[in-house]
Amino acid sequence: MTRPVLTPLYTPSRRTIDQSLMKQYMNWLFVKKGLYFRDYDDLWDWSVTDLEDFWESIWQFFDVQSHTPYNQIVFSPSDADMIGTEWFSGATLNYAEHIFRHANTQRPALMFASEQRKLTTVSWETLEKQVAAVASWLREQGITVGDRVVSVLPNCPEAVVAFLAATSVGAVWSSCSPDFGTTSVVDRFKQIEPKLLIVADGYTYNGKPIDKTEAMNDLRKSLPTLERVVWVPYLQPDSKPTWGRANTVVSWADVLDTPAPDGLTFEAVPFSHPIWVLYSSGTTGKPKAITHSVGGCLLEHLKVLALHQDVRVGERYFWYSTTGWMMWNFAIGSMLVGATLVLYDGAAGYPSLDVLWSLAEEAKIAHFGGGAAFYTACMRAGIRPAATYRLPHLRSIGSTGSPLPPEGFRWIYEGVKADVWLISFSGGTDVCSGFVGGNPLLPVYEGEIQCRLLGCKVEAFDENARPVRGELGEMVILEPMPSMPIYFWNDNGPAGNEVYRKSYFADYPGVWRHGDYIRITERNGIIIHGRSDATLNRDGVRIGTSEIYSAVESLPEIADSLIVGLEQPGGGYHMPLFVVLRDGYALTDELTTRIKQSLRSQFSPRHVPDAVYAIDEIPYTISGKKLETPIKKILSGVDPSLVTSKDTLRNPAALDQFTNFVIQR
């Protein structure tokens with residue numbers, strides 16, 4: 001197995017380290033608490049062994065404002081179960097209130113661009129006025145603490161305003177992006193019985209206008225608990241719905257005209273009050289309605305964005321996302337630490353793969369984030385932003401969604417900026433944050449995530465549930481975190497929390513199994529080798545799929561790939577590889593041989609597929625993950641309709657290719 005080179009691609013300067021918020025936090029711990037840590041490893045050890053003191057220090061360092069004091073930091077009803085852990089009981093607070101602590105006239109609150117609109121700014125004064133108006137309107141409609149407000153909006157300022165207004169009144173937020181199919185949205189929203197729906201008339205993607213008027217009408221009729229619909233004319237400024245009674249469908253402009261004589265006020269809610277409902281991908285059944293707490297997300301976002309991403313007051317923060325991905329919620333968290341949030345709505349490749357790099361220059365983005373698939377697409381297309389754009393403000397580049405291969409790490413430093421800090425970040429919808437990610441105190445090594453995050457007791461378990469170093473293992477979390485779900489909506493069952501427990505705790509009682517296959521290096525960095533439920537297991541040796549993708553997709557003929565392992569009768573194992581070829585190439589015997597030789601030489605004979613097939617495209621979820629496990633099930637003979645919902649896919653037609661394959665069994 002190949003290992004990352006030991007020479008770092010990036011090493012922070014002494015000045016960078018000393019000025020970092022992580023270093024300031026360590027200094028604060030020494031001065032205020034008398035705690036001295038030699039290095040980050042010592043700090044991490046303390047953060048995962050003394051949970052009470054660590055999380056209280058985060059509260060105090062960031063001066064979290066509570067309307068009522070907490071009387072206990074953490075309480076676990078059972079030492080053998082993380083579910084039900086209570087944090088900061090007694091405290092009441094508001095997430096939006098902490099964002100508006102940074103309101104000022106010296107810098108914008110938001111910046112926004114799209115395929116159709118040039119970069120514009122939204123001042124803090126405008127944002128506060130609009131949020132106050134929407135919040136006032138919500139109160140007039142009887143929206144109160146705990147009511148659900150849902151939206152189907154593009155990644156635009158209206159979505160941020162709507163969220164901040166909803167959370168300011170104590171409502172529970174949930175959103176899907178307009179590219180979701182209607183059935184997929186209904187499967188999500190119907191679970192939580194919303195009172196209010198906010199929708200756009202459509203959006204643009206790849207330069208094409210996509211009207212959603214009738215789809216939103218279908219959605220409205222499928223949600224019986226709705227009392228009001230707010231109409232946002234995003235695609236056509238003068239559009240109006242042709243359905244609904246006048247008293248149930250209200251225009252966004254009318255909502256913004258609502259008087260707010262008391263200005264923007266905030267409802268104080270308990271620490272464990274739900275802030276939003278996010279959803280699992282739904283590729284293996286109905287999406288799970290994952291519910292997070294106000295206080296848990298507040299503390300977690302302050303910790304990660306300030307300490308682990310070093311986002312500072314006044315900097316511009318951008319993460320390419322839609323409103324249907326948890327990174328949208330996470331990116332809003334940058335406003336908690338005083339950043340200006342930069343939004344973009346549209347395709348990352350339209351009119352070319354340069355569009356987001358052009359935005360980085362124009363908006364003077366300091367922290368630029370996107371999916372690993374975007375960076376590898378830029379790399380394979382020969383894009384070199386360093387040669388085209390001036391990026392003096394760019395301090396960090398974030399990558400998530402799937403493992404960034406080693407060659408992607410190299411491309412960032414060779415093609416984008418030689419002294420940029422690359423933050424490979426991994427976590428999920430499960431915690432609306434990460435478990436492993438960046439660290440301003442540490443170097444960046446090729447193919448390796450810098451560290452386990454503070455307060456995240458991450459280990460790699462072998463087959464006997466023992467922590468291992470330098471070996472592949474199941475990623476597990478051994479201690480609770482405030483941002484873990486408070487529950488799955490309506491997950492009652494006879495004993496309660498049945499789906500929640502089955503999702504994370506079925507394999508190791510009392511230990512969170514996340515589903516990633518990782519290796520913790522001798523430097524305490526992390527290499528993710530793919531999803532453990534798609535892990536290949538040949539001759540008793542587990543193989544991460546990311547290794548195979550890295551090798552195969554480095555060949556000039558290959559644009560994309562997918563591999564699965566199929567258990568055979570009698571204990572056999574069949575491992576087919578599917579490849580998407582670049583234009584002008586065919587899957588010849590010579591190319592097949594070269595693919596196998598590359599895998600054999602870079603890794604081992606066990607990595608060599610039993611067969612190689614050419615297909616038109618790899619199926620992906622809307623959030624950019626390859627459908628490894630569903631494809632494995634389809635190839636094993638399971639009806640495709642039972643393994644995934646096509647509404648959850650970016651390219652649902654790609655599934656049809658696999659029903660034609662008869663894999664020898």
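In this predicted model, strand β27, covering residues 512-520, runs antiparallel to strand β28, and four bridges join the two. One facing pair picks out the register nicely: I518 in β27 sits across from I528 in β28. The two strands make up a hairpin, with five residues left over to get from one strand to the other. Within that turn, N524 takes on a positive phi of about 65°.

As for how much of the hairpin is covered, β28 spans residues 526-531, and five of those six residues are buried. In other words, strand β28 is mostly covered. As a general point, side chains in a regular strand alternate between the two faces of the sheet.

Over to the surface, and to a spot in another part of the chain. F30, V31 and Y36 together make a nonpolar patch of about 390 Å². Of these, V31 belongs to helix α2, which takes in residues 21-33. V31 counts as exposed because its relative accessibility is 64%, and the cut-off for that label is over 50%.

A loop residue gets the same kind of reading. D419 lies in the stretch that links helix α16 (406-416) to strand β20 (421-424). With a relative accessible area of 54%, D419 is exposed. D419 can also be set against a position further along the chain, namely P609, which is 190 residues away in sequence. In space, the C-alpha atoms of D419 and P609 are separated by 38 Å.

Terms used: Residues numbered from 1 in each chain as written. Predicted model: local features only at pLDDT ≥ 70, side-chain atom pairs only at ≥ 80, totals over all residues. Heavy atoms only, no water. Buried < 20%, exposed > 50% of the residue type's maximum accessible area, 1.4 Å probe, protein only. Pairing = 2+ DSSP bridges. Patch = residues over 30% accessible without salt bridge, like charges linked within 9 Å, V, L, I, M, F, W, Y side chains within 5 Å. Areas by Shrake-Rupley, 256 points an atom, 1.4 Å probe, with all protein chains shown as cover. Salt bridge = Lys/Arg side-chain N within 4 Å of Asp/Glu carboxyl O.
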